[in-house]
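Biologist: Could you take me on a close look at the cavities in this one? I'd like to know what surrounds the main one, and then how the rest of the fold looks to you.

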Amino acid sequence: MSPGSPPPRTLPDLLESLREDIARRWRAGVGTVLGALLPPERVHPVGMRKLVAELGAVMRSDSADERLSHARALGREHGRERSLAGFSMRALVLEYGVLRSAIYDSLEAAGWNPGLAELRALNQVLDIGLEEAVGQSSWEDECGPGGWLHGLLDHAPTVVYAKDTAGRYLYVNHGFEKASGWLRRDVVGRTDHELFSAEVAEVFSSNDRHVLATGQQLTTDEYVPLPDGVHVFQTLKFPLPDAQGRVMGVCGFSTDFTESKRLERERDEAREHLRRIVTQLPVVLWATDAQGVITLFEGERLRALGLERGAYVGRSAFDVYRDRPDLLAATTRAQEGESFILEVEMNGAWFMTGVSPVIGPDGNVMSVAGVSLDISARRRAEEVLRQSEMRYRLATLATSDVIYDWDLATGDIEWSELAAVQFRLSAEEAALNVDAWSARIHPEDRERVALDIQMVIDQGSAHWTDEYRFLRGDGSWAVIADRGQVVRDADGRAVRMVGAMQDISEQRATEQEAKRRAEFEQLLIGIVSHDLRNPLSAISMAATALLRREGQDERQRKALGRILSSAGRASRMLRDLLDFTQARLGGGIPMEPRWVDLHALTRHVVEEVRLARPERTLEFECRGDGHGMWDPDRLAQVITNLVNNALSYSPERGVVCVRTRGLRDSVVLTVHNSGAPIDPELRLRMFEPMKRAEHKGARGGLGLGLFIVKHIVDAHGGVIRLHSSAHDGTTFLVRLPRGTPPPASDAEPLAPGDEPG
């Protein structure tokens with residue numbers, strides 16, 4: 001259906017609207033055909049006028065039986081009136097022929113394109129009316145046999161014939177002669193099998209036998225081969241009774257509607273072809289009448305809406321879209337005669353809809369047609385682009401980097417909004433092209449930056465990074481870290497560079513200050529450690545010499561012991577301080593690994609601690625292979641720190657357990673004490689410098705022991721873990737990978753005299 005065509009009107013609608021025109025044509029036709037036989041106005045047949053007036057109502061009935069019953073009543077009334085008025089049978093048949101012509105002429109003038117079902121139903125009504133009128137007139141008039149009946153039927157605009165019960169033709173009219181090519185004299189007295197092919201004759205005879213057997217009329221389509229091809233006849237056959245009511249034969253009326261059927265077939269084929277085309281397009285075709293009732297709803301994209309074709313046909317658009325104010329407003333605009341295009345969302349799909357009202361001759365809207373194109377893919381792409389642009393804008397606002405997009409062909413650069421703020425530029429100055437950008441690079445850096453960029457482009461690389469000084473709008477210099485990504489076309493030619501400029505001036509200044517401070521700290525620690533080592537060595541040596549002298553009383557020996565202990569603790573603190581400085585400066589604690597037995601090393605350190613703390617109980621266990629590639633002095637430092645730490649934070653009568661266990665690829669050292677659990681907050685910072693638990697029995701220190709322990713373990717590629725609870729006590733676990741053993745000739749196992757002191 002064309003979007004611009006008015007909605008179709010049914011045959012009953014047309015017959016009712018054209019009844020005055022049909023009546024006028026009928027009167028004119030009757031006047032021409034009957035001439036002097038035309039009765040005056042006062043005796044015009046009421047039955048015929050009633051049939052004209054009620055023809056639309058007759059055809060509107062959905063039941064074929066009701067339709068034909070109504071037509072019979074009108075035909076009988078007309079036949080009775082004609083008989084009483086003294087009109088001949090000829091006039092009666094001619095009037096029905098004129099009526100049929102008047103109806104067809106009026107419908108044709110109105111542009112009616114007949115459908116097969118409608119044409120068949122109309123012919124049935126007219127044929128039944130004629131049949132009843134003729135029968136009624138015969139009974140009323142009691143006319144005797146004569147040649148007048150043949151003359152009347154000859155003028156009927158259809159094929160009329162009668163057969164006896166044996167199938168022999170009793171009568172055929174001129175229409176039969178014209179359609180079949182047989183003359184009446186050659187037909188009467190012969191059967192269908194003598195006139196037509198066996199196949200066609202059998203169809204005719206079978207229909208005749210059905211009428212004779214049932215005593216009922218039969219309406220059917222009969223296909224008859226004629227010289228110009230196969231013709232289709234709509235046939236009405238009914239039984240012929242004699243005066244006593246016995247069936248004496250079969251009468252038939254056959255109307256050739258081959259051309260109508262051909263036109264209908266071509267129309268159906270064209271519609272099907274158009275439907276196939278439409279169903280392949282991503283559109284929905286729809287139309288409404290002047291009141292907004294949907295008359296067309298087709299298209300492939302109905303699937304996107306979860307609907308079937310014709311889903312809303314017959315429903316008002318105002319009802320279908322009652323929950324969509326936007327669509328109700330669009331419907332109202334169309335009903336007011338406005339043409340427009342809009343985009344609407346339906347069940348998650350987006351459509352671009354063109355709306356076009358059809359205006360009638362009176363200027364009023366006759367119907368509204370529309371085409372809705374599925375643009376969901378385009379909308380999704382637009383939404384993705386919008387989201388991408390929004391993310392880009394938010395990202396440029398969230399970062400401290402200045403984002404740029406440089407067109408390498410034109411030299412134009414698009415900058416993010418932060419550029420003016422970051423570089424302290426005015427709005428005019430912020431619109432930098434490549435020349436203006438290059439001019440603000442420090443003269444000492446400019447040539448290097450340009451050459452590096454050109455080299456990246458020429459060599460086909462994708463990434464470029466550099467650092468340079470950039471002149472701000474206030475005259476100060478910023479240190480810029482620039483990162484660029486080269487975009488190339490399908491041929492590999494560089495067309496754009498997209499990148500980010502980060503102002504790292506404060507970072508570089510902070511790094512310089514930190515470097516200067518670290519160098520100063522290292523120098524200071526070196527001076528202090530050097531200056532303190534000498535007096536501490538002198539104190540230790542003097543105290544040792546005094547202890548070796550004889551004659552010292554107990555009080556003096558204890559005092560000298562405290563001096564040696566304090567000097568040793570000061571030496572360890574000095575060593576921890578030097579290790580801490582080296583770790584913080586990034587150089588790391590120096591290591592000298594060699595093939596060591598951790599079992600023997602741990603046993604030696606535990607014995608040393610026992611000698612220094614004879615009042616405490618230390619237990620040591622070992623199993624498995626304890627060898628690995630480690631620095632024995634540093635591991636002794638780890639063991640000493642962990643054991644002393646366990647002694648310091650456990651009860652005086654508590655036992656400290658030290659265990660070493662060899663696994664396949666590593667050796668595990670654990671130090672356990674039964675002291676109070678370490679606070680959970682402190683556990684998270686135990687290995688940070690200057691962090692230690694408060695304990696009244698703990699000896700003073702710098703709080704660097706565990707920090708240095710972790711750095712030594714890390715330097716060996718190991719891990720250290722802490723577990724502490726009221727039930728299980730506190731355990732430090734160190735896992736050290738064995739490393740690769742040296743060749744047998746180079747291995748130097750730790751000998752008893754080589755233990756670290």
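Modeller: Sure, with the reminder that this is a predicted model. Searching the whole structure turns up four cavities of 30 Å³ or more. The largest of them has a volume of about 370 Å³. Its lining is made of 23 residues, and the closest to the centre are Trp286, Tyr321, Leu327, Thr353 and Ser372. As for which elements supply that lining, those giving two or more residues are strands E6 (283-289), E7 (294-298), E8 (340-346), E9 (349-359) and E10 (365-374), together with helix H14 (325-335). H14 is the top contributor to the lining of the largest cavity, with five residues.

Now step back along the chain to the sheet. Here you have five strands in an open arrangement, ordered E2-E1-E5-E4-E3, and the pairing is antiparallel. Strand E2 (169-172) and strand E3 (218-226) sit at the edges, each pairing on one side only. From one strand to the next, the twist averages 25 degrees.

Strand E1 is a good place to zoom in. On one side, E1 (residues 159-164) pairs with E5 (residues 247-256) in the antiparallel sense, over six bridges, and Val160 stands opposite Phe253 in E5. E1 is also joined to E2 by three bridges, again antiparallel, with Tyr161 having Val172 in E2 as its bridge partner. E1 and E2 make a hairpin with four residues between them, and in the turn Gly167 has a positive phi of about 90 degrees. In general terms, the strands of a sheet pair through backbone hydrogen bonds, either parallel or antiparallel.

Helix H11 (residues 198-214) lies across E1, E3, E4 (229-241) and E5, and runs at about 165 degrees to E3.

Then there's the nonpolar packing. The largest nonpolar core has 47 residues, and the ones with the most contacts inside it are Leu15, Ile22, Leu99, Ile103, Leu107 and Leu122. Helix H6 (residues 116-141) gives the most to this core, with 10 residues. If you want one residue to centre your view on, try Leu15: leaving out residues up to four places away in sequence, Leu15 touches Ile22, Leu55, Gly56, Met59, Ile103 and Leu107. A second core, separate from that one, has 37 residues, including Leu601, Val656, Val671 and Leu736.

Key:
Residues are numbered from 1 along each chain as its sequence is written. This is a predicted model: local features need pLDDT of at least 70, side-chain atom pairs count only at pLDDT 80 or more; totals for chains, interfaces and linings use all residues. Side-chain values use heavy atoms; hydrogens and water are left out. A nonpolar core is a set of buried Ala, Val, Leu, Ile, Met, Phe, Trp, Tyr and Cys residues joined through side-chain atoms within 4.5 Å. Buried means under 20% relative accessible area, exposed over 50%, partly exposed in between (1.4 Å probe, protein chains only). Contact means heavy atoms within 4.5 Å. Two strands pair if DSSP finds at least two bridges between them. Axes are lines fitted to C-alpha atoms, for helices over the stretch in contact, and angles run from 0 to 180 degrees between N-to-C directions. On a 1 Å grid over the protein atoms alone, a cavity is a set of points where a 1.4 Å probe fits but cannot get out, and a pocket is an open set with protein on both sides within 12 Å along at least five of seven lines; lining residues have an atom within 4 Å of a point. Grid points are joined across faces, edges and corners, and a volume is the space filled by probe spheres set on the points.
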